[in-house]
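User: Got a minute to go through this one with me? I'd like the fold, the sheet and any pocket.
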Amino acid sequence: MSAETADLTKVDSAISGLSSSPPEEKKGHRRASSSAAGVYNINDLEKEGKELQIAKETQKLNWKLNTSPATLDDKEALKKFLTTPPVKKIDLHFPLGLEVTARNLKGVTIKDALDAIHKQFKKKADDELELPVLAGFEWDKEESWTRLIVHQKKEGAPSGGGGKKKDKKKETYDE
């Protein structure tokens, strides 16, 4: 019986010895590579006073909040950074008070922002949404440096009220 106990002790010590050291090394190494160079923490940008520019492509997407971003035609726009300079995370604030956070350690892209929004609205029916289409984002540094205001509209590009030059370009691609 003592031989069995000794074997078990050896096995146990071997297992505990292996599990404690290598994972720590992997974790440390992995963290270092996960954040890309040139991608900022939004709080650091605020301290430095660096201003954000929002990608203009968001205004011409005419994306319905309750549909998957994967259904959009403009796949290239989804890969672009949402802001310049790129940030690791940004809060997206809706006028009615809802706030979602888009995160990506390599820089938040337009797709990351749309995914975060879609997660909140995917279970809503079209008629439940008063303003179902994304009109774009606005950065108001006076109100909050760390968040973007989400603008919505009733309909996509063909609507006469919210039509912009960018919407007209979108229509020419469809023809």
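Analyst: Sure. One term to start: a contact means heavy atoms within 4.5 Å. Also keep in mind that this is a predicted model.

User: OK, contacts. What share comes from residues 24 or more positions apart?
Analyst: 62%, counting the contacts in the protein chain with a separation of 6 or more.

User: How many helices and strands are there in the protein chain?
Analyst: There are 6 helices and 6 strands. From the N terminus on, the order is α-α-α-β-α-β-β-β-α-β-β-α.

User: And what percentage of the residues counts as buried?
Analyst: 34% of the 175 residues in the protein chain.

User: Now the sheet. In what order do the strands of the open sheet come?
Analyst: β4-β3-β6-β5, so to speak left to right on paper. That is 4 strands with mixed pairing.

User: Which strands stand at the edges?
Analyst: β4, residues 99–103, and β5. Each has a single partner strand, so one side of each is left without a neighbour in the sheet.

User: How much are neighbouring strands turned against each other on average?
Analyst: By 30°, direction ignored.

User: What packs on the sheet?
Analyst: Helix α5, residues 110–121. The helix touches β3 (89–93), β4 and β5. Its direction makes about 140° with that of β4.

User: Back to β5. Is strand β5 largely enclosed or left open by the rest of the structure?
Analyst: Largely enclosed, because 6 of its 7 residues are buried. The strand covers residues 133–139. Buried here means under 20% relative accessible area.

User: Do β5 and β6 run parallel or antiparallel?
Analyst: Antiparallel, with 6 bridges joining β5 to β6, residues 147–153.

User: Which residue in β6 does Phe 137 stand opposite?
Analyst: Val 150. Another pair is Leu 134 with Gln 152 in β6 as its bridge partner.

User: Switching to pockets. How much space lies in the largest pocket?
Analyst: About 310 Å³.

User: Which residues lie nearest its centre?
Analyst: Phe 94, Leu 96, Glu 130, Leu 131 and Gln 152, out of 13 lining residues. Gln 152 is also the bridge partner of Leu 134.

User: Which element gives the most to the lining of the largest pocket?
Analyst: β6, with 3 residues.

User: Last one. How many residues of the lining are nonpolar, polar and charged?
Analyst: The lining of the largest pocket has 8 nonpolar, 2 polar and 3 charged residues.

Note on methods:
Residues are numbered from 1 along each chain as its sequence is written. This is a predicted model: local features need pLDDT of at least 70, side-chain atom pairs count only at pLDDT 80 or more; totals for chains, interfaces and linings use all residues. Side-chain values use heavy atoms; hydrogens and water are left out. Buried means under 20% relative accessible area, exposed over 50%, partly exposed in between (1.4 Å probe, protein chains only). Helices (H or I, at least four residues) and strands (E, at least two) are DSSP runs, numbered from the N terminus. Two strands pair if DSSP finds at least two bridges between them. Axes are lines fitted to C-alpha atoms, for helices over the stretch in contact, and angles run from 0 to 180 degrees between N-to-C directions. On a 1 Å grid over the protein atoms alone, a cavity is a set of points where a 1.4 Å probe fits but cannot get out, and a pocket is an open set with protein on both sides within 12 Å along at least five of seven lines; lining residues have an atom within 4 Å of a point. Grid points are joined across faces, edges and corners, and a volume is the space filled by probe spheres set on the points. Ala, Val, Leu, Ile, Met, Phe, Trp, Tyr, Cys and Pro count as nonpolar, Asp, Glu, Lys and Arg as charged, and the others, Gly among them, as polar.
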